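Visitor: I should like to learn how to read the features of a model such as this one. Could we take them in turn?

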Amino acid sequence: MASSADPWVREHGEAARLADDVASMVADRAALPQSGPEAMRHTSAIRRKITILGTRLDTLEGMLARLPPKSITDKELHKRRDMLSNLKSRAKQMAESFNMSTFANREDLLGQSKKAADDMSRVAGLDNQGIVGLQRQIMKEQDEGLEKLEQTVLSAKHVALAVNEELDLHARLIDDLDDHVDGTNSRLQRVQKRLAVLNKRAKGGCSCMSLLLSTVGIVMLVVIVWLLIKYL
């Protein structure tokens, strides 16, 4: 049984956790609207994680191919290959659900590169005509590989355009937020000015009222004194 300290086992565990994280995000995506800023951000995050998962799977495959002979048993080797194959199937399924042909194309291209050693062995024992025929076949396969590479580049371009659209959306959201903040600040300043005017008027009104009451009191006092003088 392989130890958890084994680099391949540790890398596979991290890749499996990343796959579980992506699956959880895909499930959460179903609860979001079909379109809108939040849905775009969530989809973009899923695509990025799927791309990272593909890179981790490539690393696992390379580590498995570079294992020293007899470092693990044949049973363990087959077990790791099955584990890697299952994880690749999960990643490919999630990538296809988001139309990420880049993942599948990369896997196909890597599969073509593994045939290079077999092509060399096929040359042995062939005559000149057979070698020419083999070269034509290899050139045809290379042309097909270039076509797939072109599709991969186009897919990467589409991903880059989607990321650019997301950045533009974030920039617009920030601009809208700045506009709202500026508008709110302007309205707040107008309200403060109105409050200051009302406060000033209220103070002025109190002074006038005090003066009026004082005047009325003096007049009444004068009238009372005059009445007392007149009738006493």
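**Reading the model**

Guide: The protein chain holds 6 helices and 0 strands. Please bear in mind that the model is predicted.

Visitor: In what order do the elements of the protein chain run from the N terminus on?

Guide: The order is α-α-α-α-α-α. As for contacts between residues with a separation of 6 or more, 70% of them in the protein chain join residues 24 or more positions apart.

Visitor: What share of the residues in the protein chain is buried?

Guide: Of the 232 residues in the protein chain, 20% are buried. The chain exposes about 17,000 Å², and 61% of that area is supplied by carbon and sulfur atoms.

Visitor: How should one read the largest nonpolar core, and which residues have the most contacts inside it?

Guide: The general idea is that nonpolar side chains tend to be buried together in soluble globular proteins. Here, the largest nonpolar core has 20 residues, and Ile 50, Leu 53, Leu 57 and Leu 60 have the most contacts inside it. Helix H1 (7-29), helix H2 (37-65) and helix H3 (74-97) each give two or more residues to this core. H2 gives the most, with 7 residues.

Visitor: Which residues does Leu 53 touch, not counting those up to four places away in sequence?

Guide: Leu 53 touches Ala 15, Leu 18, Ala 19, Ala 91 and Met 94.

Visitor: Let us turn to a charged residue, Glu 11. Where does Glu 11 lie, and why does it count as buried or exposed?

Guide: A residue is called buried when its relative accessible area is under 20%. Glu 11 lies in helix H1. Because its relative accessible area is 16%, Glu 11 is buried. Leaving aside neighbours within four places in sequence, Glu 11 is in contact with Arg 56, Thr 59, Leu 60 and Met 63. Leu 60 is also one of the residues with the most contacts inside the largest nonpolar core.

Visitor: What is the volume of the largest pocket, and which residues are closest to its centre?

Guide: A pocket may be read from its volume, its lining and the elements that supply that lining. The largest pocket has a volume of about 330 Å³. It is lined by 15 residues, of which Leu 64, Ala 65, Leu 67, Leu 77 and Arg 81 are the closest to its centre.

Visitor: How do the residues of this lining divide into nonpolar, polar and charged?

Guide: The lining of the largest pocket has 8 nonpolar, 1 polar and 6 charged residues. At least two residues of the lining come from each of H2 and H3, and H3 gives the most, with 5 residues.

Methods: Residues are numbered from 1 along each chain as its sequence is written. This is a predicted model: local features need pLDDT of at least 70, side-chain atom pairs count only at pLDDT 80 or more; totals for chains, interfaces and linings use all residues. Side-chain values use heavy atoms; hydrogens and water are left out. A nonpolar core is a set of buried Ala, Val, Leu, Ile, Met, Phe, Trp, Tyr and Cys residues joined through side-chain atoms within 4.5 Å. Buried means under 20% relative accessible area, exposed over 50%, partly exposed in between (1.4 Å probe, protein chains only). Helices (H or I, at least four residues) and strands (E, at least two) are DSSP runs, numbered from the N terminus. Contact means heavy atoms within 4.5 Å. Accessible areas come from the Shrake-Rupley method with a 1.4 Å probe; for residues, only the protein chains shown count as cover. On a 1 Å grid over the protein atoms alone, a cavity is a set of points where a 1.4 Å probe fits but cannot get out, and a pocket is an open set with protein on both sides within 12 Å along at least five of seven lines; lining residues have an atom within 4 Å of a point. Grid points are joined across faces, edges and corners, and a volume is the space filled by probe spheres set on the points.
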